[in-house]
Amino acid sequence: MSTSTEAAVIPETPKRRLRGGGRPPREGTPAEAVAGWLFVLPFLLIFAVFTAIPALLAVGASLTDMTARDIRNPSSVNFVGFDTFLGVLGNPTFQQAFFTTILFVVLCVPLSMGLGLALALMLNTGIRRLRSTFRAAAYIPVITNIVAAAVIWQYAFSITGPVNATLESVGLPHPNWFGESGWAITTVVMMGVWRTAGYAMILFLAGLQAIPEEVLEAASTDGASPARRLWSITMPLLRPTTLLITVLETVMFLNIFEEPFLLTRGGPLGSTNSMALWVYQQFGFGNIAASMAGSVLLLLLVGLVAIVQFRLLRPKH
């Protein structure tokens with residue numbers, strides 16, 4: 001009697017229902033798998049032809065003593081192992097290009113992100129009228145043709161250009177923007193920041209618009225100042241966006257090429273020569289093995305920096 005009573009009192013545990021009306025998940029048919037591979041096949045072919053195979057050939061060439069003269073006679077190429085890498089690492093011009101590239105990253109990434117964040121905050125809360133116009137104006141440098149922009153910058157910052165004319169009119173000294181090392185680096189940094197700030201602005205603006213307004217309104221009701229809300233609420237919630245922009249812009253400036261190539265050709269005296277520009281120059285000189293070794297080292301540097309940034313800046317939860 002007691003057993004039957006307990007069985008009647010204790011409810012039966014309901015069984016978990018599978019999604020999809022209780023039916024077990026169905027594996028894809030061979031026809032669906034073939035269709036999926038057909039959709040992916042164009043990308044795989046393009047990736048293999050233009051990325052994977054050239055990368056493998058570059059690694060292979062970096063382990064030889066290949067020069068431009070060996071293209072017609074490949075049998076004269078000798079396998080030298082890592083001697084080419086040791087020669088590149090010991091090259092004073094490559095060392096200068098490495099430190100110059102790191103300098104560009106250290107200067108350009110914080111300035112670009114800071115300016116992009118400031119523009120995003122103004123567009124998100126400060127500017128009410130013509131918001132789309134200001135957003136488009138700030139993004140124009142990102143889509144502007146780099147060659148045309150470099151020509152304008154060369155004219156504007158020349159010795160007799162409008163920038164020096166303006167400085168002279170207010171009694172300030174007019175520097176040689178492209179003829180002195182310090183000012184040449186400054187010019188390249190300014191153009192790099194000018195080109196990428198709009199890119200950071202768009203991503204920051206997307207992150208700001210994803211923050212719930214109720215959270216900021218509750219903090220404002222509790223008496224938090226705008227600066228306090230920015231530091232304690234907005235910035236922590238923007239952490240994933242900040243990580244994305246930091247990694248993307250670091251990769252951009254580690255591979256910086258157009259600005260120093262078009263503005264200064266790496267000069268004066270190699271002061272604005274980046275690693276990517278050094279690789280291009282070595283290839284032009286016919287030092288194919290050294291050029292490939294430099295490109296592999298640049299690839300390894302980019303990957304290492306990206307891994308470190310993901311480790312340090314990833315969200316804690």
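**Surface, core and helix packing in an all-helical chain**

L44 is partly exposed, at a relative accessible area of 33%. In this predicted model, L44 is part of helix α2, which covers residues 30-62. L44 also belongs to a nonpolar patch on the surface, formed together with V34, W37, L38, F39, V40, L41, F43, L45 and F47. The accessible area of these patch residues comes to about 1100 Å² together. Because patch membership requires over 30% relative accessible area, L44, at 33%, passes that cut-off. In soluble globular proteins, nonpolar side chains tend to be buried together.

The secondary structure of the chain consists of 14 helices and zero strands; read from the N terminus, every element is accordingly an α element. The chain has 317 residues, of which 32% are buried. The exposed area of the chain is about 20200 Å², and 68% of this area is supplied by carbon and sulfur atoms. Among contacts with a separation of 6 or more, 68% join residues that lie 24 or more positions apart.

The largest nonpolar core contains 48 residues. Within this core, V88, M191, F204 and W278 touch the most other members. Two or more residues are given to the core by each of α3 (83-89), α4 (92-126), α6 (146-156), α8, α11, α13 (275-285) and α14 (288-313). With neighbours within four places in sequence left aside, the contacts of V88 are F94, W278, A290, A293, G294 and L297. One of these partners, W278, is itself listed with V88 among the core residues that touch the most other members.

Helix α11, one of the contributors to the core, runs over residues 239-254 and has 16 residues. At 1.5 Å a residue, α11 should span 22 Å, and the separation of its end C-alpha atoms is 22 Å, so the two values agree. The buried residues of α11 are T241, L243, I245, T246, V247, E249, T250, F253 and L254. An α-helix has 3.6 residues a turn, so residues three or four places apart point the same way.

Contacts with α11 are made by V105, a residue of helix α4. V105 is buried, with a relative accessible area of 13%. Not counting residues up to four places away in sequence, V105 touches P110, T250, F253 and L254. Of these partners, T250, F253 and L254 are among the buried residues of α11. V105 and F253 are 148 residues apart along the chain, yet their C-alpha atoms are separated by 5.4 Å.

A further buried position is S274, in the loop between α12 and α13. S274 counts as buried because its relative accessibility is 0%, below the cut-off of 20%. Its contacts, apart from neighbours within four places in sequence, are A97, T101, I256, F257 and P260.

The salt bridge count for the model is one. The side chains of R195 and E259 form this bridge, with an N to O distance of 3.0 Å. R195 lies in helix α8 (residues 181-209) and E259 in helix α12 (residues 258-263), so the pair ties together parts that are 64 residues apart in sequence. R195 and E259 are both buried.

Note on methods
Residues numbered from 1 in each chain as written. Predicted model: local features only at pLDDT ≥ 70, side-chain atom pairs only at ≥ 80, totals over all residues. Heavy atoms only, no water. Patch = residues over 30% accessible without salt bridge, like charges linked within 9 Å, V, L, I, M, F, W, Y side chains within 5 Å. Areas by Shrake-Rupley, 256 points an atom, 1.4 Å probe, with all protein chains shown as cover. Salt bridge = Lys/Arg side-chain N within 4 Å of Asp/Glu carboxyl O. Helix = DSSP H or I, 4+ residues; strand = E, 2+ residues; numbered from the N terminus. Buried < 20%, exposed > 50% of the residue type's maximum accessible area, 1.4 Å probe, protein only. Expected span 1.5 Å × (residues − 1). Core = buried A, V, L, I, M, F, W, Y, C linked by side-chain atoms within 4.5 Å. Contact = heavy atoms within 4.5 Å.
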